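Please open the model in your viewer and keep the selection tool at hand. The tour below proceeds stop by stop, each time stating what to select and what is found there.

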Amino acid sequence: MTTRGTTGGARPAPYRAEGLPERVTVYEVGPRDGLQNEPVVVPVEVKAEFVARLAAAGHTVIETTSFVHPRWVPQLADAAELLAAVERVPGVRYPVLVPNERGLERALELGVTEIAVFASATETFAAKNLNRTLDSQFEMFEPVVARALEHGLKVRAYVSMCFGDPWEGPTPIGQVVEVGRRLLDLGCFELSLGDTVGVGTPGHVAALIGAFGGPERLAVHFHDTYGQALANTLAALRAGVTVVDASTGGIGGCPYAESATGNLATEDLVWMLHGLGVETGLDLGALVETSTWLAGRLGRPSPSRVVQALSKAPSETPPKE
């Protein structure tokens, strides 16, 4: 059953389930993780409007861009221009991904107040993505995190390949926990557990969160390669996680792992959460409108099931007699 919303389209009838948080923060990664894998470079003014639309839809955290080398991710070469173009909304956080000390310097020069660093839970992906070993990758992160904290910045950490690696197979849970705890011990305020190639299942999710000793300071980041992202999210929520990464329209992937398909779509996540009676503060209609608008700029339809359904939904206005 669905009910009509004030923003056009439909919304699910809420039925509160036991054992879930009252509210979930959706950590929006569309402007960074979503756009980074797009083959056509998106103009900076379109990116700035995208960020503004996300804030207007109720997002309180929007990962805006990354200071990676343009050779690695050409789509994000305009990071400085984008940050200059974005009009900050009070109460909204605009973190950026920082891969190294040079990236941190650029972030500090531009007045960034929150950054994220990106680690690997497996040897092979650490080599391919960071040109480091599983252990030596921390030589990159330690000075970045330490200096950022000295300047009063908040630091988030991502760990990729937490559930499986296309070259190594399933990732040992103990290995993920060791990498994650080292990042938390450096002073990162939050750790996002990434299912980069989308192979995780709900039982695996619950086991991994349990191995950390509980959900404190944990977030989750699921890709929908095998259609498990929403089921995995629900397992994480039941385990006590209250921060979920998602990308508007389900755009994105990982340029260093070909089997990494799109991120969990923000709209699909919000539909499920609102149906469960979990607050998000997000306007689903505005998100759908934003994804439809962005799809037009990208030249392809949104992969989000909810966007596809609601963008085709009949108008609320009843026909004239």
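Begin by selecting R156 and Y158 in this predicted model. R156 lies over the face of the Y158 ring, 5.0 Å from the ring centre. Now add Y27 to the selection: R156 also lies over the face of Y27, and here the distance to the ring centre is 3.5 Å.

**The nonpolar cores**

Keep Y27 selected and add V29, L97 and V243, which are included with Y27 in a second, separate core of eight residues. The largest nonpolar core has 86 residues. Which of its residues touch the most other members? They are I115, L183 and L191. To see the largest share of this core, select helix α11 (residues 284–298), which contributes seven residues.

Next, centre the view on I115. Leaving aside residues up to four places away in sequence, I115 touches V96, V98, L104, A107, V144, A148, L153, K154, V155 and R156. The last of these, R156, is the residue seen over the faces of Y27 and Y158.

**V144 and helix α6**

From I115, move to V144, which lies in helix α6. Is V144 buried or exposed? Its relative accessible area is 1%, and therefore V144 is buried, the cut-off being under 20%. Outside the residues up to four places away in sequence, V144 touches V98, N100, E101, L104, I115 and V117. Select L104 together with V144: the two are 40 residues apart in sequence, while their C-alpha atoms are 6.7 Å apart in space.

**Aromatic pairs**

A search of the whole structure finds four aromatic pairs. Two of them are visited here, beginning with F138 and F141. Their ring centres are 6.0 Å apart and their planes stand at 90°, so the pair is edge-to-face. Both residues lie in helix α6 (residues 138–150), three residues apart, about one turn of the helix. An α-helix has 3.6 residues a turn, so residues three or four places apart point the same way. Both F138 and F141 are buried.

Then select F163 and F222. The centres of these rings are 6.1 Å apart and the planes are at 45°, so this pair is tilted. The pair links distant parts of the chain, 59 residues apart: F163 is in the loop between β7 (154–160) and β8 (164–165), and F222 is in strand β11 (residues 218–222). F163 counts as buried at 4% relative accessibility, and F222 is buried with a relative accessible area of 1%.

**Two crossing helices**

Display helix α8 (residues 202–211) and helix α9 (residues 229–238). Their axes come within 8 Å and cross at roughly 35°. The crossing is right-handed. To view the contact, select P202, V205 and I209 of α8 with A231, N232, A235 and A236 of α9.

**A covered helix**

How many of the ten residues of helix α10 (residues 266–275) are buried? Eight are, and the helix is mostly covered. Select T266, E267, D268, L269, V270, M272, L273 and G275 to highlight the buried residues. What covers them includes α9, from the previous stop, as well as α11, β2 (10–12), β3 (25–28), β12 (243–246) and α12 (305–311). Finally, step just past the end of α10 to G277, which takes a positive phi of about 75°.

Key. Residues numbered from 1 in each chain as written. Predicted model: local features only at pLDDT ≥ 70, side-chain atom pairs only at ≥ 80, totals over all residues. Heavy atoms only, no water. Phe/Tyr/Trp six-rings, centres within 6.5 Å; stacked < 30°, edge-to-face > 60°. Helix = DSSP H or I, 4+ residues; strand = E, 2+ residues; numbered from the N terminus. Buried < 20%, exposed > 50% of the residue type's maximum accessible area, 1.4 Å probe, protein only. Lys NZ or Arg CZ within 6 Å of the ring centre and 35° of its normal. Core = buried A, V, L, I, M, F, W, Y, C linked by side-chain atoms within 4.5 Å. Contact = heavy atoms within 4.5 Å. Axes fitted to C-alpha atoms, helices over the stretch in contact; angles between N-to-C directions. Left-handed = near helix turned anticlockwise from the far one by under 90°.
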